[in-house]
Amino acid sequence: MNRPVEIQQTRRDERTEPESEVATLKNAIESKLLYTVGKDPAHASVHDWYMATALAVRDRMVDRWVETTRRTYAQSEKRVYYLSLEFLIGRLLIDSLTNLGLIGPCRTALHELGVDFDAVRNSEPDAALGNGGLGRLAACYLEAMASTGIAGFGYGIRYDHGLFRQIIRDGNQVEVPEDWLAFGNPWEFERPEVTFNIGLGGRVEPKGPGGQRFEWRPSEYVVAVAYDTPVVGWEGKRVNTLRLWSARPAAPMQFTDFNRGQYQDAFAEQVRASSISRVLYPDDSTPAGQELRLKQEYFFVSASLQDLVRRHVMQHGTVANLPKSVAMQLNDTHPALAVAELVRILIDEHKFVLRTALELTRATIAYTNHTLLPEALETWPVALMERLLPRHMQIIYQINALHLAEVAERKEISPDRVPALSLIDEHGGRRVKMGHLAFVGSHRVNGVSGLHGKLMRESVFRELHQLHPERITHITNGVTFRRWLLECNRGLADLISEAIGAAWIGDSTELERLMPLRNDAVFPDRFLEVKRRNKERLIGSVLRHLGVVLSPDSLFDVQVKRMHEYKRQLLNILEAVAHYNEIRAAPHKDWVPRVKIFAGKAAASYHRAKLIIKLINDVARIVNNDPIARDKLRILFLPNYNVSLAELVMPAADLSEQISTAGMEASGTGNMKFALNGALTIGTFDGANIEIHDHVGPDNIMIFGLRADEVAARHRAGYAPGQIVAATPALAETLAAIRGGVFSPEDPQRYVGLVDDLVSNDHFLVTADFAAYAAKQREVDALFQQRSVWAGKAITNTAKMGWFSADRAIREYAAEIWGARAED
Ligand SMILES: *Cc1c(COP(=O)(O)O)cnc(C)c1O
């Protein structure tokens, strides 16, 4: 098969003389290896070659980067600042090469140097500065802002250690520190001259005549140092900036202590200060962990605001027109302190009165909500805030007073709604509601899918919505098709480009032109052939890493995402056990062979989620060693889920598991990546699954189970899972086996608590959805046996996913929230 994208790439490069392109890159890589990495080509390791290649590619970005910055200043473009505590960026080499149109030349250049391109790309560490969907969204949006021509800046923290690396030992998750910076990071530029002092603690003193004004005198300072990573958009259109902050002590060490030989004291401050950017999400189950987390949030918010206000004033002379040139998006409530910090800067440093300061703040800031789960809604104890951020706490009280005065003027809002509207939660220990603070300080508050927007209006923000009915909107998430199709599934990307041209890469709606090809004489077979090759690629990796042999004829059924009870990996594994029982009861029936693949990390302190990982591995051990069943059903847990693993697994999936309890998954983006790569979704009517359903049509998605309103009704009416179990023999048998230790003979009690909780409580309605889910799985089997019918549905999924591009989402943000202009 010829490779049209490759050809196109070569053609574009031909215009700029491909020979010289290859030669230039080759020279650049050699020179970086020698003079920057400091290695003789004869003794260079793969990683050395990776460093040299990345540095050479980075140089190519810098020219465009400088040009982009000049353009932003010259045309006074509106700047969009995306504040996020997480950026799950993954590897950058392929992304950068792809968007610069240099994949072909780079492969050739390395080949001519006697180096294997794929070995080089795989030696890049996976930058995991995030937990899951929220952080990955931030990374997709940065790329999409650069691709749609928006002057976008990402602001976050440069964690020394990102999300832990997950090892599976005896079926248990073991967390080990991740060390992405151990061998240096070739993509970033340290900016030692861009530093800001971040105050903490201390007290607030009245100032000026009549004590009208206040001054915050922090008791300690930490220094934020900037590190910039260029973010290149599709076809190198623009190169935006991801600026991450690293924490440094204000004074390197105490000389007096050092000279007295008190070395620990001498460096105590240094240790305390740099701990702020040490790790992503320190375990916040302890008070000390919580305090560190709050410091992290304030640290990056304060550094980012000082930076952007300084830039704005430098260019425009005043902050009075800030919203005209600046939009700020808060990715969830982690940066919600930006509201109080901006108001503080405007009042204390620029002499605005509160009302004006709040108006300017609100016109600048917008907030994306990512979850309605009560336990995930951020609140901070007032006492902690008063100790760490006394001036901000004072300002939050003032904002609250203004806000509640507005409430009082509105006659239709009954006074008994005031507690629900207040920024302060007065129940058992007073706390600041960060979601409310973000809402009150924003001109737009968006959900991330249609259903999620609706539920926001009805639940957490019901009263605030009544007060500000125009404020809540929703923008359904999107993913960048460059990474999630073009780069991770080259076979499919080439096939598509050959069939309909390569315009889809920049304009995803073009994918719809694949629809007529469902009935083509050869296209469906070639589509399935690509899927098979992707499965073989995954099979090879599983064999190398886990020593397990799989067949590409099996249906690859994949659930990869963070481990969480609401995502219901438990439902999946229970159904697998029931299916296993079915197979054992009728071993000679024509079962469709299935490989069930799981991957995902559980938060270190989330014991139930870790127990579910153990259960999956326990069930896998029994099933995979059972000679009766193992050709019909295989179960795998792939360790250390991250972006790179997602890029390997998603193109190989036939079936995508999106089975959250309806109403609990705000959007999901994994669901989009799978469908884009031609997997069928089995899922509940939740989050963006609903919109995927609307786009691909009901015949091309496998929807089952309770809807969000039905889930709410069950919770209201009181729910008796025990009765459901009793009435569902397959489930009862499954639970009895797990409870009785069939899968944990060495520790028969292991799952007693898990099963008993399910039968008595089942907050996530696993038992309620079990029968519908199991029945749907057998429908999937029947469909999978009809090869051409399946192919048609898979092609439809790819063809109809255009709308889920991050480019579409970013254009909506630009038009509806930021007032920024995206290019067509
Ligand atoms: C896309 C993605 C996610 C989000 O997946 P969901 O299924 O939407 O929760 C999480 N982690 C990684 C590495 C991803 O690529």
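**Helix H21, the domain contact and the nonpolar cores**

User: In this predicted model, how many of the 11 residues of H21 are buried?

Analyst: Helix H21 spans residues 490–500. Its buried residues include Arg490, Asp494 and Ser497 as well as Leu492, Leu495 and Ile496. H21 is largely enclosed by the rest of the structure, because the number of its 11 residues that are buried is 9.

User: Which residue follows H21 and has a positive phi?

Analyst: Ile500 is one of the buried residues of H21. The residue that follows the helix has a phi near 85°, and it is Gly501.

User: Is Asn489 buried or exposed?

Analyst: Asn489 is found in the loop between helix H20 (481–487) and helix H21 (490–500). Leaving aside neighbours within four places in sequence, Asn489 is in contact with Val530, Asn534, Pro651 and Asn677. The cut-off for burial is under 20% relative accessible area. Because its relative accessibility is 1%, Asn489 counts as buried.

User: Which residue has a side chain joined to that of Asn489 by a polar contact of 2.9 Å?

Analyst: The residues in contact with Asn489, apart from those within four places in sequence, include Pro651 and Asn677. The polar contact of 2.9 Å, however, runs from the side chain of Asn489 to that of Asn534.

User: What area do domain 1 and domain 2 bury between them?

Analyst: Domain 1 comprises 76–91 + 126–477 + 810–818, and domain 2 comprises 532–804. Their C-alpha centres lie 35 Å apart, and the contact takes 33 residues from domain 1 and 37 residues from domain 2. Carbon and sulfur atoms carry 59% of the buried area, which is about 2500 Å².

User: Which three residues supply 21% of the area that domain 1 buries against domain 2?

Analyst: No other three residues of domain 1 supply more of this area. The three are Gln166, Leu373 and Leu451.

User: How many residue pairs are in polar contact between domain 1 and domain 2?

Analyst: The count of salt bridges between domain 1 and domain 2 is 1. The side chains of Glu175 and Lys610 meet in a salt bridge at 2.7 Å, N to O. For residue pairs in polar contact, both at pLDDT 80 or more, the count between the two domains is 13.

User: Which element gives the most to the side of domain 1 that touches domain 2?

Analyst: Elements that each supply at least two residues of that side include strand E2 (87–90), helix H7 (133–147) and strand E5 (165–169). The greatest contribution is 4 residues. In the helix concerned, Leu451, His452, Gly453, Leu455 and Met456 are buried, and what covers its buried residues includes helix H27 (689–696) and helix H28 (708–717). The element that gives the most is H18.

User: Where does the largest nonpolar core lie with respect to domain 1 and domain 2?

Analyst: The core has 237 residues, of which Trp245, Phe299, Ile635 and Trp818 touch the most other members. Its largest share, 10 residues, comes from helix H10 (residues 287–316). Because domain 1 and domain 2 both give residues to this core, it lies between them.

User: Of how many residues is the other core that includes Trp49?

Analyst: In the largest core, Trp818 touches residues including Lys78, Met145, Ala327 and Tyr813, not counting those up to four places away in sequence. Apart from the largest core lies another, with Trp49, Ala54, Ile103 and Leu113 among its residues, and its size is 32 residues.

Methods
Residues are numbered from 1 along each chain as its sequence is written. This is a predicted model: local features need pLDDT of at least 70, side-chain atom pairs count only at pLDDT 80 or more; totals for chains, interfaces and linings use all residues. Side-chain values use heavy atoms; hydrogens and water are left out. A nonpolar core is a set of buried Ala, Val, Leu, Ile, Met, Phe, Trp, Tyr and Cys residues joined through side-chain atoms within 4.5 Å. Buried means under 20% relative accessible area, exposed over 50%, partly exposed in between (1.4 Å probe, protein chains only). Domain bounds come from an automatic or database domain assignment. Contact means heavy atoms within 4.5 Å. Buried area is the accessible area (1.4 Å probe) that two parts lose on being put together, summed over both. A salt bridge is a side-chain nitrogen of Lys or Arg within 4 Å of a carboxyl oxygen of Asp or Glu. A polar contact is a pair of N or O atoms within 3.5 Å; within protein, one must be able to donate a hydrogen and the other to accept it, and residues adjacent in sequence count only if both atoms are side-chain atoms.
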